[in-house]
Amino acid sequence: MPELPEVETIRRQLEPRVVGAEIVDAGSHWSAKFTPAAGAVGAEIMAVRRRGKYLLFDLSGDEELIVHLGMTGRLAVRERTAEALEHPHLRAWWDLDSGGRLTFHDIRRFGRIHHVERGDHRGIPTLAALGPEPWDPAFTGRHLAAFVKRSDRYVKTLLLSQRPVAGIGNIYADEAFWIARINPATRRLGPQRAERLVEGIRTALDSGIKHGGTTLRDYVDSDGQAGANQHELHCYGRFGEPCDRCGTIMRRRVIDARSTTWCPSCQPR
DNA sequence: GTACGGCCCTGTTAGC
DNA sequence: TGCTAACAGGGCCGTA
């Protein structure tokens, strides 16, 4: 499930392969989630950027192609073959004048593609309201604490909303709470705990990027390679196992429909 | 404006 | 062995 580190890994791989190329042909699955892909035909790819979990392709003519990988999305540059277009999980493709083909495979179809005037994100609510990048100086403990104070929701739920900060998904949220020694079921954050959580988020995401993303089942990068960060996880999915820090058996509960793991000793209520 | 439930999806796994 | 149900979950949308 691609979160910020996985999307950034893919962005870095795609950038040298597609920037400068013109899109000469394109197609997509019939779903309206993917049909905007074809709107990019005729444009040149000027840059590949990332905001949170969204990949933004700056196109010539002030256009923008936006791809969200959802749960199982994969982007890659491959050879152009007729058979490849028959793949059952292919949701969109763009043929490049360089000879290659940018492909988007997505088993569960949770991904989405948008083609807009550059910067016009009004039709993409989460992107339009996206919080700062985790390393943005604007993302501080004070900022996070103020956000939490305005709501009665679980802090974890707020993080997953992408509004206080961009790019956090379930895996890195659990890791960040563990690193910060904060119970994920809290609804309140004082200044010190908020500061710790900010640092926990950055530490968890830095690890993810450094190790090329986390592969639990589906995720592979644009070279088809699995990430290695799953070997670095201390918390996510480790319920029933001893805590790496104190040996207490990790627990699991569901918070707002998201499976959540924590250490009852290191992360007390 | 905010909260929340339902929905989209399909491969995998557990249970019978 | 084969079938069914549960589960995974990010983001959007409608309703309260």
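**Stop 1: the surface near DNA strand B**

Start by selecting the protein residues near DNA strand B in this predicted model. By class, this surface has two nonpolar, two polar and five charged residues. To see them, pick Lys 33, His 89, Ile 107, Arg 108, Arg 109, Phe 110, Ser 151, Asp 152 and Arg 153, which surround the strand. Which parts of DNA strand B account for 69% of its atoms that come within 4 Å of the protein? They are sugar and phosphate.

Now zoom in on single residues. Show Ser 151 as sticks: a polar atom of the Ser 151 side chain lies 3.0 Å from a phosphate oxygen of DNA strand B. Move on to Arg 153, where an N or O atom in the side chain is 3.3 Å from a phosphate oxygen of the strand. For Arg 108, turn on the backbone too, since here a backbone N or O atom lies 3.4 Å from a sugar or linking oxygen of DNA strand B.

**Stop 2: the surface near DNA strand C**

Next, select DNA strand C. How many residues surround this strand? There are 18, and the closest are His 68, Phe 110, Thr 126, Arg 252 and Arg 258. You have met Phe 110 already, in the group around DNA strand B. Of the atoms of DNA strand C that come within 4 Å of the protein, sugar and phosphate account for 67%.

Sort the surrounding residues by class and you get eight nonpolar, five polar and five charged. Color helix H2 (125-128) and strand E10 (258-262), because each of them supplies at least two residues of this surface.

Three side chains deserve a close look here:

- His 68 has a polar side-chain atom 2.5 Å from a phosphate oxygen of DNA strand C.
- Tyr 236 places a polar side-chain atom 2.7 Å from a phosphate oxygen of the strand.
- Lys 53 has a polar side-chain atom 3.5 Å from a phosphate oxygen of the strand.

**Stop 3: helix H6 and helix H1**

Leave the DNA for a moment and select helix H6 (residues 191-210) together with helix H1 (residues 4-18). Their axes are 8 Å apart, and the two helices pack at an angle of about 35 degrees. The crossing of H1 past H6 is right-handed. On the H1 side, show Leu 4, Pro 5, Glu 8 and Arg 12; on the H6 side, show Leu 205, Gly 208 and Ile 209. Four of these contact residues are nonpolar, one is polar and two are charged.

**Stop 4: helix H6 and helix H3**

Keep H6 and add helix H3 (residues 141-149). Here the packing angle is about 115 degrees, with the axes 8 Å apart. That makes H3 roughly perpendicular to H6. H3 also passes H6 in a right-handed crossing. Look for Gly 141, Arg 142, Leu 144 and Ala 145 of H3 against Ala 194, Glu 195, Leu 197 and Val 198 of H6.

**Stop 5: helix H6 and helix H5**

Finally, swap H3 for helix H5 (residues 170-180), which packs with H6 at an angle of about 125 degrees. Are H5 and H6 oblique or roughly perpendicular to each other? With that angle, they are oblique. Among the H5 residues in the contact are Tyr 172, Phe 177 and Ile 179, while the H6 side includes Leu 197, Ile 201 and Leu 205. Altogether, the contact divides into nine nonpolar, three polar and two charged residues.

Terms used
Residues numbered from 1 in each chain as written. Chains lettered and ligands numbered in written order. Predicted model: local features only at pLDDT ≥ 70, side-chain atom pairs only at ≥ 80, totals over all residues. Heavy atoms only, no water. Axes fitted to C-alpha atoms, helices over the stretch in contact; angles between N-to-C directions. Helix = DSSP H or I, 4+ residues; strand = E, 2+ residues; numbered from the N terminus. Left-handed = near helix turned anticlockwise from the far one by under 90°. Contact = heavy atoms within 4.5 Å. Nonpolar A, V, L, I, M, F, W, Y, C, P; charged D, E, K, R; others polar. Near = heavy atom within 4 Å. Polar contact = N/O pair within 3.5 Å; in protein donor to acceptor, adjacent residues only side chain to side chain. Parallel < 35°, antiparallel > 145°, perpendicular 65-115°, else oblique.
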